[in-house]
Amino acid sequence: MKLLIGYDGSDYSNFALEDLRRAGLPEDLEAVVLSVGEAWELPLVIDSVSSTAERFVHPNVAVIEDHLAEVSKRAGILAEPAVERLRSMFPEWKVRAEVRCGRPAVEIVKMADEWLPDLLVVGSQGRSAFGRVLLGSVSHKVLHDTICSVRIARKNESVENANVRVLVAVDGSPNAETMVKTVAGRHWPLETEIRLVAVNDPFVRPRTGYISWNMEENKPHDTEESREWAGKVIDGPTEILRSAGLTVTHNMRLGDAANMILSEASDWRANMIFLGARGLGPVKRFVLGSVSSAVVSKATCSVEVIRVLE
């Protein structure tokens with residue numbers, strides 16, 4: 001397995017490292033800690049304008065090269081403690097640092113496109129070169145622009161479970177099936193609890209059928225169609241996860257998908273949420289990231305969005 005970690009030295013990215021203890025990752029893993037030196041604002045060049053082309057160009061080139069070298073050096077120094085920490089936490093992993101210069105989100109996505117990791121990990125927030133907190137700007141761009149699965153690490157101070165609790169949102173789509181198989185294939189700590197949640201939105205019908213609701217009684221109406229939908233959405237994933245030796249429960253909710261997933265995570269006190277990157281829309285097409293984006297933006301715990309590389 002190939003793991004790419006975007007690291008900036010902030011408390012958020014340090015928690016992202018600690019959060020990997022609960023991610024169920026295997027021992028046979030190659031990890032790259034990517035630290036990006038923010039170098040899009042180059043220093044002012046004093047007295048660079050000259051009447052000759054040689055004097056105009058070369059002083060600028062020298063200053064820029066010196067600046068990039070200094071930025072790269074600082075980024076490398078920043079990444080070293082993260083590499084050592086991962087080696088201490090996971091001695092069987094192969095861990096190395098990668099240093100780049102530029103805009104953090106752009107360089108993280110570029111590295112992911114080139115290296116094709118199985119999972120990309122970032123903190124929910126980071127900090128700029130001036131120490132300002134970036135409220136999810138990097139993680140938001142990484143989530144939407146990368147082609148690989150993404151884990152957004154977020155610390156929830158109010159949740160202290162004895163066991164790891166993993167909420168898995170399913171909708172019957174091929175992407176959700178792949179996501180369930182990903183969860184089943186992880187190496188989870190003993191006593192890990194898995195909760196499947198399926199959401200029936202009465203105003204958005206999945207392509208594969210849906211549960212009919214009696215609005216007056218506010219409960220599902222049992223029909224052949226509803227049994228078929230429930231069987232595909234819940235029974236199949238339950239069997240996959242239980243076959244992997246995992247403890248599985250499930251719940252079905254009525255309402256807006258993103259809000260119901262977040263509500264279930266809060267009520268159940270989940271440590272993390274797993275989502276497929278794509279769901280099925282009301283006109284039999286894929287809705288690219290709408291639910292995933294909303295859940296990641298509002299969740300109070302870590303969220304992993306699983307993508308299928310095509």
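## Strand β13 and its partners

L167 stands opposite I273 in β13, a register that belongs to the parallel pairing of strand β8 (residues 165-170) with β13 over three bridges. In this predicted model, strand β13 (residues 272-276) also pairs with β16 in the parallel sense, here over five bridges. Within that second pairing, I273 stands opposite V303 in β16, while G276 stands opposite I306 in β16.

How many of the five residues of β13 are buried? Five of the five are, so β13 is largely enclosed by the rest of the structure. Both of its faces are covered, with buried M272, F274 and G276 on one side and buried I273 and L275 on the other.

## The ten-stranded sheet

These pairings are part of an open sheet of ten strands with mixed pairing, in which the order runs β3-β2-β1-β4-β7-β16-β13-β8-β9-β12. The edges are taken by β3 (94-101) and β12 (247-254), each of which has a single partner strand, so one side of each is left without a neighbour in the sheet. From one strand to the next, the twist averages 20 degrees.

Strand β2 (residues 30-37) contains S35, a residue that is buried, with a relative accessible area of 1%. Leaving aside neighbours within four places in sequence, the contacts of S35 are Y7, A75, L78, A79, E98, V99 and R100.

## Nonpolar cores

Which residues touch the most other members of the largest nonpolar core? In this core of 37 residues they are L120, I273 and V295; I273 is also the residue of β13 that faces L167 and V303. Beyond its neighbours within four places in sequence, L120 is in contact with L4, I108, A112, V142, T146, C148, S149, V150 and R151. A second, separate core of 23 residues includes F15, F90, L119 and A153.

## Helix α4

In helix α4 (residues 137-145), the buried residues are S139, V142 and L143. They cover an arc of only 100 degrees around the axis, which puts them on the same side of α4. An α-helix has 3.6 residues a turn, so residues three or four places apart point the same way.

The buried residues of α4 pack against α3 (104-115), β4 (119-123), β7 (149-153), α8 (290-298) and β16 (302-306). One of these buried residues, V142, is also among the contacts listed for L120.

## Overall composition and confidence

The protein chain has eight helices and 16 strands, and buried residues make up 48% of its 310 residues. Among contacts between residues at least 6 apart in sequence, 77% join residues at least 24 apart.

The chain averages a pLDDT of 79, and 71% of the residues score at least 70. Over residues 43-58 pLDDT stays under 50, and the model has eleven contacts beyond four places in sequence for this stretch. Over residues 126-135 pLDDT likewise stays under 50, with 21 contacts beyond four places in sequence in the model. Where pLDDT is low, the predicted coordinates should not be read in detail.

Terms used
Residues are numbered from 1 along each chain as its sequence is written. This is a predicted model: local features need pLDDT of at least 70, side-chain atom pairs count only at pLDDT 80 or more; totals for chains, interfaces and linings use all residues. Side-chain values use heavy atoms; hydrogens and water are left out. Helices (H or I, at least four residues) and strands (E, at least two) are DSSP runs, numbered from the N terminus. Buried means under 20% relative accessible area, exposed over 50%, partly exposed in between (1.4 Å probe, protein chains only). Contact means heavy atoms within 4.5 Å. pLDDT is the predictor's confidence in each residue, from 0 to 100. The arc is that of the directions from the helix axis to the C-beta atoms. Two strands pair if DSSP finds at least two bridges between them. Axes are lines fitted to C-alpha atoms, for helices over the stretch in contact, and angles run from 0 to 180 degrees between N-to-C directions. A nonpolar core is a set of buried Ala, Val, Leu, Ile, Met, Phe, Trp, Tyr and Cys residues joined through side-chain atoms within 4.5 Å.
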